[in-house]
2 protein chains.
Amino acid sequence: MSLIVQKFGGTSVADTDRIRAVAEHVVRTRRQGNEVVVVVSAMGKSTDDLLRLANDLHEEPPPRELDMLLTAGERISMSLLCIAISRLGEPSASFTGSQAGILTDTSHGKARILEVRADRLRESLAGGQIVVVAGFQGVSTTRDITTLGRGGSDTTAVALAAALKADVCEIYTDVAGVYTADPRVVPAARKLHAVSYEEMLEMAATGGRVLALRSVEFARNHGVALHVRSSFTWEPGTWVTEEEATMEQAIISAVTHDTSEAKVTITRVPDKPGIAARLFRALADANVNVDMIVQNVSTGGTTDISFTVPKSDLPASQGVTEALAHEIGAEAVTHDDGIARLSLVGAGMKSHPGVAARMFEVLADEGLNIEMISTSSIRISCVVRADQVERGVQALHATFDLDAAPV
Amino acid sequence: MSLIVQKFGGTSVADTDRIRAVAEHVVRTRRQGNEVVVVVSAMGKSTDDLLRLANDLHEEPPPRELDMLLTAGERISMSLLCIAISRLGEPSASFTGSQAGILTDTSHGKARILEVRADRLRESLAGGQIVVVAGFQGVSTTRDITTLGRGGSDTTAVALAAALKADVCEIYTDVAGVYTADPRVVPAARKLHAVSYEEMLEMAATGGRVLALRSVEFARNHGVALHVRSSFTWEPGTWVTEEEATMEQAIISAVTHDTSEAKVTITRVPDKPGIAARLFRALADANVNVDMIVQNVSTGGTTDISFTVPKSDLPASQGVTEALAHEIGAEAVTHDDGIARLSLVGAGMKSHPGVAARMFEVLADEGLNIEMISTSSIRISCVVRADQVERGVQALHATFDLDAAPV
């Protein structure tokens, strides 16, 4: 008997017809002899509806109360799912984050899970019930209701899978799995059978929207096997697991891109120790989420520093950067929100030199100018013009043989 | 400094405009130097909407899951109210029934409150916060979420007022208070300044729909002063308190009526000990809620037994009654759903003989035939034809001087 955690996102439980379909799948899994723990998000856009009510009353609702409000969404979807499961004749029970023992810190709106005390879920499973848990929520050390922030339901599912030592954590979503590129940009993109945690992390960080970074990190740290698949076709999707040394690696697994960031550049920064530290400390204190950072070699005692931030953080980062530029005697601060980030991700890259050179050649052949470069051992990212990025994705996808049959 | 519990029903928090108005009233009460505990119902018809979703999935949803589902409604209204209060600059905190320490038995859908462990609310009040609590819900001895059934939010408010030793429990509703008769039937009906618990209980039991019987019983048993008032005009309403011996009592406080019941009669029942007990035990076992019972004097060794039940219980009670009639050799079972119950309620009745006689004369003058009679020390009820009941209410209201100025 396997223990399977199944997580269903908002579109998978958007209405009673979809909930019925999910219930059938859950019951089928149970009747195949598995123990099943289900994690659900709020129905469709219901969280947005609640948020709209809150903002109608207050531009900045108190975070404790906002969390109390938003957690009503999963309460509704999870109890409706149990009702649908009951209709099919299987016993089940729903549990809030608090009842499921998901203990968090006190950071409302973006709480971190401290511990999972899953005794109650174990009892329920032992009693033969299908367990249904509200995603995205927990209870803090001060007994207040908290939410886990973006991708919170995925994190709930992975945390429960880790705590219960589940055999697999299935993430059901509205896409069929993880693709070699965004299929809207590359029609020939194909679904990957498996990727490693590291590849998935790099993909999540560079524009692959299927899984939240945080839940993949959690899965890697606790060795939870993830299976990303569709709640519309129910077909097998993409496995995210430990990289197997014996497995022949594809050099490149995917081409990702991201147009959600902007670039800030400070020119002619005096090249002295501690300057970069002051800049990025000031940005961190202003809650700006800095992504890529590139510093050029020093010429004539000064250097240029460029970094990318989410477009929504651009006003804050400009303010901080301009104040500091003045203080340290830098020349100027410029910003650019017409950029895109283009990345190649692949665990096989480690043992295949020359991937970066090939990537730059392809982009040059396509007439794309590279404005920034950053790399990790299994990823190469280039910042290019946003209006040229799709051309770059298509060319790279073809060049690195990603249109071929699955490995 | 007074401690005031304020309860707001669904129509009082039906949308964000109404929630804002409630927040303003709560904040005003707080700024007048009072400690305030607020109990809210779910917004408008949102509980019905949730119920509809549940019934779309299952004709008989499992009670535990239905309670989990329905409690989402108060979670939404209470957090929105705190958000609106915060906008007005006052600190507040919302608490679920479970967080508020409302411990119930395990009867899902109609749980009874066993105990209120209000330590957390006391801490919140001591910290200067306005406390907002979800009505209608609690947590059971087996740590499952329960709901209290019809009138549940009133019961929550009264239970908290008792536990916190509040000075008053204000029940805000869409009517201005308790009236001498239904104003839709008697335009000259007037709002009562005060009624005793006993009168309120009799009125609630005989058609006065303002307060649920159960919450009035709870208030009487714990000596909680109730103040029923309007959340639209915010004017003083009707006080429900202990009867004061020194107070000059009105003989009659109100005329109530109720058309929601039907009558069942068994004719020529053998007049032997134990027959009535068998009948009403069988009805109780079938969950039929019997109201009035009348047994005629025995003639020729048989008697007739009539009783009233909610119209919704009529099919069940006919089944039970016909089976038993056959068994015990009674003649026949008839039923009648064209009846209404007409009642006079007044604590002064105890010391004024002749009220019943005067009532019967008035009804006779109006040409109303009396089909059943039952009395308590402060109430007289007659069953009459449903299509004549409004005429009876109007005549009695005029005869007993209820159109006069408030006492």
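At what angle do the axes of helix α4 of chain A and helix α2 of chain B cross? They cross at roughly 25° and come within 8 Å, where axes are lines fitted to C-alpha atoms, for helices over the stretch in contact, and angles run from 0 to 180 degrees between N-to-C directions. Helices are DSSP runs (H or I, at least four residues), numbered from the N terminus.

The model is predicted: local features need pLDDT of at least 70, side-chain atom pairs count only at pLDDT 80 or more, and totals for chains, interfaces and linings use all residues. Residues are numbered from 1 along each chain as its sequence is written, while chains are lettered from A and ligands numbered from 1 in the order in which they are written.

The angle makes α4(A) roughly parallel (under 35 degrees) to α2(B). On the α4(A) side, the contact (C-beta atoms, placed from the backbone, within 7 Å) is formed by Ile76(A), Leu80(A), Ile83(A), Ala84(A) and Arg87(A). Leu50(B), Leu53(B), Ala54(B) and Leu57(B) supply the α2(B) side.

A second packing lies within chain B, between α7(B) and α8(B). These helices are roughly antiparallel (over 145 degrees). Their contact includes Tyr197(B) and Met200(B) of α7(B), and Glu217(B) and Arg220(B) of α8(B).

| Helix pair | Residues | Axes | Angle |
|---|---|---|---|
| α4(A) and α2(B) | 72-87 and 46-57 | within 8 Å | roughly 25° |
| α7(B) and α8(B) | 197-205 and 213-222 | 9 Å apart | about 165° |

Notes:
Helices (H or I, at least four residues) and strands (E, at least two) are DSSP runs, numbered from the N terminus. Angles under 35 degrees count as roughly parallel, over 145 as roughly antiparallel, 65 to 115 as roughly perpendicular and the rest as oblique. Two residues are in contact if their C-beta atoms, placed from the backbone, lie within 7 Å.
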